[in-house]
Structure formats: structure tokens, C-alpha cells
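This briefing covers a strand with its pairing partners, then a packed pair of helices. The structure is shown first.

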Amino acid sequence: MASNAHDEPGSAQHIVRLVSSGAAASRADLVRELGLAPSTVSLRVQELVTAGVLTESGEGASRGGRRPRLLRVRAQGGIALAADLGSHHARLGAVALDGTVRDTADLPHDITAGPESAVDWLCERVTELAAREAEAGRTVRALGVAFPGPVRPGEGRVLSPSRMPGWHRYPLREVLADRIGLPVSVENDATMMAVGEHAVARPDLGHMVVVKAGRGIGSGVIASGRPHDGANGAAGDISHVRVEEAGDRPCSCGNIGCLETVASGAALIRELARQGVEVATTGELLRLVADGDPLATTLVRTAGRHIGAVLSVVVNFFNPQAVALGGVLATAEPLVAAVRGVLYERCLPVCTADLEITTTVTGPDAGLLGAGLTALRRHLRTDPADPAAWGPDRDQGPSGTTTQDATAKEPSAPADQEESAPA
């Protein structure tokens, strides 16, 4: 994400993130976390309550004075549609601000055929999903897309994706917004996986790396609690780091000897074919590993060592608190064990002393969560008290039709809300 798109301290996005992560459960907690005046926090919270983004009810433990009313993200206040795109498949679903994921579907689609056909296909699927959400009484606020390639921060424009002719400089966010009539967020898929994992499963960690190991390889970086994109959206692209064992193998990026050529799912499928074993998908490869096939297991374990070698440089340089492995290849225990072994072998002891090396908790929904939550939080950059943005009564659907929000029948929050205690 672009720096100006991140949660600004004290902004509506920041308040919702603190409440949804459990870091703050009341106005008083927010005062302590934000360091702002109680009156300022109270005003911003009341705007979000009035707009239907937060609810305030019940009573928490007192730290002196009145017992505070508890804040929660209102799951019914609106959802984002989310699409986690791969080179040959897509996972779609609906994401609420509280991290709930609904109506997920995995669908085959070849994004390498070019942007025009991909956009037509995605718009059709999104429109179908939006109609189902409207029928269920949920209001669609935005669309978040996780794209398998670099995306220019703040623009949603695709930049130089490998294996995808015709996509360079394609204004995907702008095109989708024009086609479906919703606010749209487009970000790199590995970064969105990191955002989803961090927001839902590890909000207490300030620094982490999430690796997406599938048909290709990428990683997303969380630094100081925020996703880090780099200058042009290419931060974390470990797929094209040169490794000695790859020799002169040509890579889709135009260089030779990249990690992708020896450690990606596509590379392992090619190596199996070269040795007389034909599999069509990474899933079939993993079934061989699960069945104890010696060749497939050896290849996956070796791929893990290659990934670990590249990550060891990242860990020594960045010093994260956690490395989480995701993507379909991360379901293979030999690969995970090999990555862990190389990191402990090659990294500085000070970097691994408290390092958590594990698989993602959010699993296949990590990218959906990241894309959906990013889209919803960016939508909060509009005036949160504006009924057109977050009001509980009516909203404009993707096709321009008006949909009824099921929360319209819920009573509004009491006007005499508890005042926050001073920090």
C-alpha cells in the first residue's frame, strides 16, 4: 500500500483496526492507545457508532470511575467482496470488518490469457457474489483484489508481472471501479496474505514475513504493524532472487537462476516430468508427497531448503518476530521442516532466538482477508458519518441498484455514551 493509504494514527481506519484486533475495547482504551484527548476520541467513536461501523454496549472492568461501555466492530455494518487471484485460479468471498469470511468459492481461471478476458470474468463473478450478499441482507461497500504480481502502491496499476503478457501498466483498479461501480482496492497477493494473517491471527506482532509458496513464490512484509510495499510495490518479491543451485535455468522474468526456477510448484512439476512422472497440478504433486513418494518428497524438501536459504538473508536483514509459510506448498511438512532447518542453520542466533517459524493460521483465506479488510478500511477514508459511505439504511449496489441493509431495523446507539477516562 502507499504510505498515505495506511491507517493514519487516530483515523477512523486506525480506530477500527484497534477495536477489531482487541487492542482497545473501550473509549478509555483508545485514549491510552492513541494519546489523543478524550473529547477527540469520543467524537470519532461516536461518528463510527452513528454510522453503524461500531457498536457500544455492555460494561467492562473499571479502572476507577464508571465501568466503560465495550466497543465492538459491527459485523452487519457492511462487507467487502474480495478476490484472491492466482495465475490459474481465483478464490472469492465476502469479508466483514470483524474478520468474518463468508461465501467462499475456488474457481479455475487462467489470468495469463490477458487483462480483458480476466476483467470480464472477474466482473461477472463479482456481480453474482454481490447479488447473493444482497439477498442475504448484507450491504456491499467495496471490492478488494489480491493480484499475483507487483502493483504500484496507491494506484492499483499492475507493473511488469512475470508470466502475464499484456498486464504491464494495466490500470486494474480504475477499470474495475468503472465496471462495477464500487470503491476498489488492488494490491499484491502476497502482501494481502500478510495483511490478512497479521490482522486476524497475529495483530500483536509488529514485524513479520509471510511467504506464499505455490505455483510461484512471493512474500509479504509487515513492518511496524503495517504492510511494506517498497517504492514500486515489489517489496518481498523473493521469487526472483538468484540462487546458485538454479544455475543457468531461464526464468519467466527474463533472468536466469531465480529461486522460482527450482522451488516453485511449477518448477517441481517440470522436474517430475523430466524424471518421467507426469502431474498436472501442485495439488497432485502434494498428494504424491502425502503418499510418501520418494522423488516428490525429495524435490519438495529440496525446494524448502532453497526457500530457506533466501529467507535467511531476509531474516538477518529484517529481523522479524515471525516467518509464516502459506500457499499450497506450505501444506507439505517436508518443505516447512526444511525451511525451518535452514533458517536455524544460517541465521544469526540473535535473529532466531525468539523467531516463530510456522504456517499461516488463516490458511487459504489469508489473501481474501487482506484484500477485503484493506478495501473496507480504505473506504473509511471517506467521512465515516456520511450516510452515503457507511449509513445503515441504504447503499448503492454494484449495478447501480439500491439494496436494503439488514441493519436498518436495528436500534441506534444511545446518545448518552460513556466518556473516556483521561490517559
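**Strand pairing and helix packing**

In this predicted model, strand β13 pairs with strand β14 (residues 356-359) in the parallel sense, over four bridges. β13 also pairs in the parallel sense with strand β10 (residues 208-213), here over five bridges. A helix pair, α6 and α13, is described after the strands.

Strand β13 and its partners

- Within the pairing of β13 with β14, L325 stands opposite T359 of β14.
- L325 of β13 also has V211 standing opposite.
- β13 spans residues 322-326, and five of its five residues are buried, so the strand is largely enclosed by the rest of the structure.
- The side chains of β13 point in two directions: A322, A324 and G326 one way, V323 and L325 the other, with all of them buried.

Helices α6 and α13

- Helix α6 covers residues 189-201 and helix α13 covers residues 366-379; they pack with their axes 6 Å apart, at an angle of about 85°.
- Angles of 65 to 115 degrees count as roughly perpendicular, and α6 and α13 are therefore roughly perpendicular to each other.
- On the α6 side, the contact is made by M192, M193, V195, G196, A199 and V200.
- On the α13 side, A366, G367, L369, G370, A371, L373, T374 and R377 make the contact.
- By class, the residues in the contact of α6 with α13 are nine nonpolar, four polar and one charged.

Conventions:
Residues are numbered from 1 along each chain as its sequence is written. This is a predicted model: local features need pLDDT of at least 70, side-chain atom pairs count only at pLDDT 80 or more; totals for chains, interfaces and linings use all residues. Side-chain values use heavy atoms; hydrogens and water are left out. Buried means under 20% relative accessible area, exposed over 50%, partly exposed in between (1.4 Å probe, protein chains only). Two strands pair if DSSP finds at least two bridges between them. Axes are lines fitted to C-alpha atoms, for helices over the stretch in contact, and angles run from 0 to 180 degrees between N-to-C directions. Angles under 35 degrees count as roughly parallel, over 145 as roughly antiparallel, 65 to 115 as roughly perpendicular and the rest as oblique. Contact means heavy atoms within 4.5 Å. Ala, Val, Leu, Ile, Met, Phe, Trp, Tyr, Cys and Pro count as nonpolar, Asp, Glu, Lys and Arg as charged, and the others, Gly among them, as polar.
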